[in-house]
Amino acid sequence: MTKTETGRFIRINQSPRAARIMGGYALIAMHGWFFAKLGLPSADGSAEVIVGLAALTGMITSILFFLGTYGVMANAPDAMLDERELADRNRAYFSAFKYIVGMGILGGVIPEFLAKAIGFELSVGVLKNYIFLIFTTALVLPGFFLAWSAREDT
């Protein structure tokens, strides 16, 4: 006798509203961290702590969102989703893909343009931070788009 079991996922149940808030905070904190760190003088201690806390809380929130209802739905196997959920997920991934490609182009073209036009080159540390920003954005964005397209259950 064989026993088949569906795969189990660790999931944090979220309402669409809670997922929107959590995903929005993760995206704002990580983007805010990058742009604040970009303009910070390296010797400023108190501002570094605040910017570091934004990065830390943004990354933790990104991970928690990824384990939440919409993060799991965005990464669930096709067999676990019905046709409507599959169409919503594909639409969310395509929207996230366009945003991430835009970020990639922006991160590749703008620094190259600045280097050629005015001789200003971004450091390797800034580009590493930008790649980290792209990673955390890609982690959250598909589920975030799913949460925004979900209807509130009343």
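## A buried tryptophan and its partner

W33 is buried, its relative accessible area being 8%. Please keep in mind that this is a predicted model. Since buried here means under 20% relative accessible area, W33 falls on that side of the cut-off because its value is 8%.

A search of the whole structure turns up five aromatic pairs. In one of them, W33 meets F132 edge-to-face, with 5.8 Å from centre to centre and 85 degrees between the planes. This pair links distant parts of the chain: W33 belongs to helix α1 (residues 16–39) and F132 to helix α5 (residues 124–149), 99 residues apart. Is F132 buried, partly exposed or exposed? With a relative accessibility of 31%, F132 counts as partly exposed, whereas W33 is buried.

## More rings, and a charge

F144 and F145 also form an aromatic pair, this one tilted, at 6.4 Å centre to centre and with 45 degrees between the planes. F144 counts as buried at 13% relative accessibility, while F145 is partly exposed at 29%. Elsewhere among the rings, F34, F35 and Y130 are linked by ring pairs into a cluster.

Which ring has the charged end of R20 sitting over it? That ring belongs to W148, and the charged end of R20 is 5.1 Å from its centre.

## A look at K37

K37 is another residue of helix α1. At 31% relative accessibility, K37 counts as partly exposed. Which residues does K37 touch once its neighbours within four places in sequence are left aside? The answer is E48, V51 and N129.

A further distance helps to place K37: its C-alpha lies 9.1 Å from the C-alpha of A47, a residue ten positions away in sequence.

## The whole protein

Stepping back, the protein has five helices and zero strands, and its pattern along the sequence reads α-α-α-α-α. Of the contacts in the protein with a separation of 6 or more, 77% are between residues 24 or more positions apart. The W33 and F132 pair, with its 99 residues of separation, is an example of a link between distant parts of the chain.

How much of the protein is buried? Buried residues make up 34% of its 154 residues. As for the outside, the accessible surface comes to about 10,100 Å², and carbon and sulfur atoms account for 67% of that surface.

Technical notes: Residues are numbered from 1 along each chain as its sequence is written. This is a predicted model: local features need pLDDT of at least 70, side-chain atom pairs count only at pLDDT 80 or more; totals for chains, interfaces and linings use all residues. Side-chain values use heavy atoms; hydrogens and water are left out. Rings of Phe, Tyr and Trp (its six-membered ring) pair if their centres lie within 6.5 Å; planes under 30 degrees apart count as stacked, over 60 as edge-to-face and the rest as tilted. Helices (H or I, at least four residues) and strands (E, at least two) are DSSP runs, numbered from the N terminus. Buried means under 20% relative accessible area, exposed over 50%, partly exposed in between (1.4 Å probe, protein chains only). A charge sits over a ring if NZ of Lys or CZ of Arg is within 6 Å of the ring centre and within 35 degrees of the ring normal. Contact means heavy atoms within 4.5 Å. Accessible areas come from the Shrake-Rupley method with a 1.4 Å probe; for residues, only the protein chains shown count as cover.
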